[in-house]
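Dear colleague,

I am passing on to you the structure discussed in our correspondence. Please find it below, followed by an account of what was found in it.

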Amino acid sequence: MGIIKEFKCPSCHKTWRISVGHGRAHSTLKRVLGAFPPDIRKKIGEDAQKDPDPLFLFNYRASLCQQCQDILEVPVLDLIEPRQSYISPCPKCGGRTDIVEDERSVSCPRCRQAVLTVQETGHWD
């Protein structure tokens, strides 16, 4: 089950709501592939073709787009064999995204004046 999170800036009051984690629909690699753009789907298919049912970890993760300066969720896939990771670009602008590793230390990408607060506001599946 996924979690809905709200990131809020106490300075400029900008709020981002994102859905992280994964749901039941992401139980097979075939279903997960639909979350990625065609070029990454192709690369995943090539890397996973050696195993008809490869082991993998999939989650939507909080990220920061370097281009549009937005907080958003992006799909992230880790194939166990071969050991390979795939991170989707920003779904809004196609820019490079950086995964948020520590949610407690994210500075506001808009005003850069404060650290964002993070709160779980619900669940999704």
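Two strands are taken to pair if DSSP finds at least two bridges between them. The model is a predicted one, and the findings that follow should be read accordingly.

On that criterion, strand S3 (residues 56–65) pairs with strand S4 (residues 71–79) in the antiparallel sense, over nine bridges. Five residues lie between the strands of this hairpin, and among them glutamine 69 takes a positive phi near 55°. Within the pair, phenylalanine 58 of S3 stands opposite leucine 77 in S4. S3 also pairs with strand S6 (residues 97–99), again in the antiparallel sense, over three bridges. There, cysteine 65 has threonine 97 in S6 as its bridge partner.

The largest nonpolar core has 13 residues, of which Phe7, Trp16, Ile18, Ala62, Ile71 and Leu116 touch the most other members. Strand S2 (15–20) and S3 are the elements that give two or more residues to this core. S2 gives the most, with three residues. Isoleucine 71 illustrates how this core is joined: apart from its neighbours within four places in sequence, isoleucine 71 is in contact with Phe7, Trp16, Ile18, Ser63, Leu64, Val106, Pro109 and Leu116. A second core, separate from the one just described, has twelve residues, including Phe36, Ile40, Phe56 and Leu77.

Lysine 5 deserves a separate paragraph. This residue lies in strand S1 (residues 2–8). Is lysine 5 buried or exposed? Its relative accessibility is 11%, so lysine 5 counts as buried, the cut-off for that class being under 20%. The side chain of lysine 5 is joined to that of glutamate 103 by a polar contact of 2.8 Å. Not counting residues up to four places away in sequence, lysine 5 touches Trp16, Arg17, Ile18, Val20, Glu103, Val118, Gln119, Glu120 and Thr121. Trp16 and Ile18, both in this list, are also among the core residues named above.

Glutamine 113 belongs to the loop between S6 and strand S7 (117–124). With a relative accessible area of 60%, glutamine 113 is exposed, because the exposed class begins over 50%. Glutamine 113 and leucine 79 are 34 residues apart in sequence, and their C-alpha atoms are 38 Å apart in space.

Yours sincerely

Terms used
Residues numbered from 1 in each chain as written. Predicted model: local features only at pLDDT ≥ 70, side-chain atom pairs only at ≥ 80, totals over all residues. Heavy atoms only, no water. Helix = DSSP H or I, 4+ residues; strand = E, 2+ residues; numbered from the N terminus. Buried < 20%, exposed > 50% of the residue type's maximum accessible area, 1.4 Å probe, protein only. Polar contact = N/O pair within 3.5 Å; in protein donor to acceptor, adjacent residues only side chain to side chain. Contact = heavy atoms within 4.5 Å. Core = buried A, V, L, I, M, F, W, Y, C linked by side-chain atoms within 4.5 Å.
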